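Trainee: I should like to learn how to read a sheet and the surroundings of a single residue. May we work through an example together?

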Amino acid sequence: MSITATELKKNLSKYLLLSATEDVYITRNGKVISKLTNPFQERVDIAKSLFGVIPSDITLEQGREEKLSKI
């Protein structure tokens, strides 16, 4: 998403919340001058990539036992 610096000033709290889920580019005179982003986005992306990898019907203890049996 791209917004002007004036728009950011008017609705800062809105864009701070939005930056948790997507990058917000701030422009001045038509040029990008800054970017609001989630500092933990890499962690969020890693967690999202794991959804579906671990079976939903396995318990934590079963997962540990399976891991230890492979060693």
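The dialogue below treats the sheet, then its strands, then one residue.

Mentor: Please bear in mind from the outset that this is a predicted model.

Trainee: Where should one begin with a sheet, and what is the order of the strands here?

Mentor: One begins by listing the strands in their spatial order. In this case three strands make an open sheet in the order β1-β2-β3, and the pairing is mixed. The edge strands, β1 (2-4) and β3 (31-36), each pair on one side only. From one strand to the next, the twist averages 35°.

Trainee: Which strands run parallel, and which pair in the antiparallel sense?

Mentor: Each pair of strands is examined in turn. β1 and β2 run parallel and are joined by three bridges. Strand β2, residues 24-28, pairs with β3 in the antiparallel sense, over five bridges.

Trainee: How many residues lie between β2 and β3 in the hairpin?

Mentor: The hairpin formed by β2 and β3 has two residues between the strands. In that turn, N29 has a positive phi of about 55°.

Trainee: How does one follow the bridges residue by residue, and what is the bridge partner of I3 in β2?

Mentor: One takes a residue and looks for its partner in the neighbouring strand. For I3, the bridge partner in β2 is I26. I26 in turn stands opposite S34 in β3. Elsewhere, T27 has V32 of β3 as its bridge partner.

Trainee: Is I26 buried or exposed?

Mentor: The accessible area is compared with a cut-off, and buried means under 20% relative accessible area. I26, located in strand β2, counts as buried because its relative accessibility is 4%.

Trainee: Which residues does I26 touch, not counting residues up to four places away in sequence?

Mentor: With that exclusion, I26 touches I3, T4, A5, L8, K31, V32, I33, S34, K35 and L36.

Trainee: How far apart are I26 and E42 in sequence and in space?

Mentor: I26 and E42 are 16 residues apart in sequence, and their C-alpha atoms are 21 Å apart in space.

Terms used
Residues numbered from 1 in each chain as written. Predicted model: local features only at pLDDT ≥ 70, side-chain atom pairs only at ≥ 80, totals over all residues. Heavy atoms only, no water. Pairing = 2+ DSSP bridges. Helix = DSSP H or I, 4+ residues; strand = E, 2+ residues; numbered from the N terminus. Axes fitted to C-alpha atoms, helices over the stretch in contact; angles between N-to-C directions. Buried < 20%, exposed > 50% of the residue type's maximum accessible area, 1.4 Å probe, protein only. Contact = heavy atoms within 4.5 Å.
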